[in-house]
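Welcome! Take a look at the structure below, then work through the exercises at your own pace.

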Amino acid sequence: MHIYNNTCFKKYTLFFIMLGITHFASAQMTQNYRSPHFWDNVSFGGGIGLGFGSDFFSGSITPSAIYRVNDKFATGVGLNFTYSDDHNYTATVFGASVLGYYNPIREIQLSAEFEELHVNRKFDYGGNIPDYKDEYWYPALHLGVGFNTGHVTMGVRYDVLYDDDKSIYGTPFMPFIRIYF
């Protein structure tokens, strides 16, 4: 039994030494990878969204710019413009967001995005019921996970501040595609 424990100890010790060397080498590559020039670390891109169904359309465009702090973390700002049209409902939405992306490994991206949206919506009931117009600011905090292929990330995000009555989104879950260059 003493031989087994000694062998396991050596294997675990070797494993942690290799892990430390790998982490050190990765940190050195990260330091050499980033350019000292600010604009060399900035990427532009964003996302698009489309939703449609029977008598329903929703489209959004979300341009953004991010600064790559290192190979694992990026932060930035974005804009949002969304238009939705249902048979008795229309909404025009614009706003801005602050975002952060973290890649624990190259292929996986975790994201957090806080956006503040100005919502202008109209309900047209027709007939004897008067139309209803609503204008307000709506905050959203999206937490997401995606598969990263380099310039493109595809995944799903969840709005933790989702409100059935105020949100422009039909559900707190939303698929996304992000592209950065």
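## Exercises with worked solutions

This is a predicted model. In the protein, 45% of the contacts between residues at least 6 apart in sequence join residues at least 24 apart.

**Exercise 1.** Find how many helices and strands the protein has, and in which order they run.

*Solution.* Start by counting: the protein holds 1 helix and 8 strands. Next, follow the chain from the N terminus, and you will read α-β-β-β-β-β-β-β-β.

**Exercise 2.** Work out which strands pair with β8, and in which direction they run.

*Solution.* Begin with strand β1 (residues 42-53): 3 bridges join it to strand β8 (residues 173-180), and the two run antiparallel. Within this pairing, G46 has I179 of β8 as its bridge partner. Now turn to strand β7 (residues 152-159), which is linked to β8 by 7 bridges and also runs antiparallel to β8. Here you can spot R157 opposite M174 in β8.

**Exercise 3.** Locate the largest nonpolar core and say which strand gives the largest share of it.

*Solution.* First, mark the 8 residues of this core: V93, L117, V119, Y136, Y138, A140, I168 and Y169. Then check the strands: β5 (108-123) and β6 (132-148) each supply at least two of the core residues. The largest share, 3 residues, belongs to β6. Finally, zoom in on V119: leaving out residues up to four places away in sequence, V119 touches T92, V93, D134, E135, Y136, Y138 and I168.

**Exercise 4.** Find what percentage of the residues in the protein is buried.

*Solution.* Taking buried to mean under 20% relative accessible area, the buried residues make up 30% of the 181 residues.

Key
Residues are numbered from 1 along each chain as its sequence is written. This is a predicted model: local features need pLDDT of at least 70, side-chain atom pairs count only at pLDDT 80 or more; totals for chains, interfaces and linings use all residues. Side-chain values use heavy atoms; hydrogens and water are left out. Two strands pair if DSSP finds at least two bridges between them. Helices (H or I, at least four residues) and strands (E, at least two) are DSSP runs, numbered from the N terminus. A nonpolar core is a set of buried Ala, Val, Leu, Ile, Met, Phe, Trp, Tyr and Cys residues joined through side-chain atoms within 4.5 Å. Buried means under 20% relative accessible area, exposed over 50%, partly exposed in between (1.4 Å probe, protein chains only). Contact means heavy atoms within 4.5 Å.
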